[in-house]
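Dear colleague,

I am handing over the structure we spoke about, and I would be grateful if you could look it over before reading my notes. What I found in it is set out underneath, beginning with the pockets and ending with the overall fold.

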Amino acid sequence: MGNFPNVQVLLINDGSQDHSGEIALNFSETYEQFNYYEKENGGLSDARNYGLQFVEYDYVAFLDSDDLVDESYFSVLLNYINERPDLIIFDLKIFNKNHQYIVSGLEVPDNLWSVQPNAVNKVYKRALFDHLHFPKGLIYEDVGTTYKLLYYVNHYIYINKPLYL
């Protein structure tokens, strides 16, 4: 992370019962760019909304603790952020028991409304969340939230590469 001084990693412990909170706290004590926050369990949406109040930069992305990102994730995305889009969309690589496949982040590259409505394959301008938040307690909360956010997107970039694994 030393090569990316303008990256902040928020680690939100949403009432975890395993040792992941200790691991996250250790990261925050070891690496300057990692910040640890603890809250009562409220679900995925509540954890995302809670973390938004601590974002110090103009862009935000969401990563789930049990997923991975491509090794070029930060370098590729920081390069595109220089173009100041409202939204950056990229592909996902899904791993199942016996195979892997790529899910396109945008089915029709020139049509924003063909976006894959997953929260984790995007980088958002932080200001988009001034208008709305993820609904607490709903399953597939990112589906409805994604399409509502699109209303506020004027400039987007699609990267035809799986950066989220």
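Strand E1 (9-14), helix H1 (20-30), strand E2 (34-39), helix H2 (44-52), strand E3 (59-61) and helix H3 (73-81) each contribute at least two residues to the lining of the largest pocket. Please keep in mind throughout that this is a predicted model. The volume of this largest pocket comes to about 1600 Å³, and of the 47 residues that line it, Val-9, Leu-10, Leu-11, Ala-61 and Leu-63 are the closest to its centre. Among the elements, E1 gives the most to this lining, namely six residues. Sorted by class, the lining of the largest pocket holds 30 nonpolar, 10 polar and seven charged residues.

The second largest pocket encloses about 340 Å³ of space. It has 18 lining residues, and those nearest its centre are Asp-64, Asp-67, Ile-94, Asn-118 and Val-120. Here H2, strand E4 (87-95) and helix H4 (141-150) each supply at least two residues of the lining, with E4 providing the largest share, which is four residues. The lining of the second largest pocket is made up of 10 nonpolar, two polar and six charged residues. H2 may be worth a look on your screen, since it supplies at least two residues to the lining of the largest pocket and at least two to that of the second largest pocket.

Turning to the strands, E1 and E2 run parallel and are joined by six bridges; within this pairing, Asp-14 has Lys-39 of E2 as its bridge partner. Together with H1, these two strands form a β-α-β unit that is right-handed.

As for the chain as a whole, it contains four helices and seven strands, and read from the N terminus the order of its elements is β-α-β-α-β-α-β-β-β-α-β. Its radius of gyration is 16 Å, close to the 15 Å that the globule rule gives for 165 residues, and the protein chain is therefore as compact as a globular protein of that length. The C-alpha trace spans about 45 × 40 × 35 Å along its principal axes, and 42% of the 165 residues count as buried, where buried means under 20% relative accessible area.

With best wishes

Methods. Residues are numbered from 1 along each chain as its sequence is written. This is a predicted model: local features need pLDDT of at least 70, side-chain atom pairs count only at pLDDT 80 or more; totals for chains, interfaces and linings use all residues. Side-chain values use heavy atoms; hydrogens and water are left out. On a 1 Å grid over the protein atoms alone, a cavity is a set of points where a 1.4 Å probe fits but cannot get out, and a pocket is an open set with protein on both sides within 12 Å along at least five of seven lines; lining residues have an atom within 4 Å of a point. Grid points are joined across faces, edges and corners, and a volume is the space filled by probe spheres set on the points. Ala, Val, Leu, Ile, Met, Phe, Trp, Tyr, Cys and Pro count as nonpolar, Asp, Glu, Lys and Arg as charged, and the others, Gly among them, as polar. Two strands pair if DSSP finds at least two bridges between them. A crossover is right-handed if, with the strands pointing away from the viewer, the path from the first strand over the helix to the second runs clockwise. The radius of gyration is taken over C-alpha atoms; the globule rule is 2.2 Å times the number of residues to the power 0.38. Buried means under 20% relative accessible area, exposed over 50%, partly exposed in between (1.4 Å probe, protein chains only).
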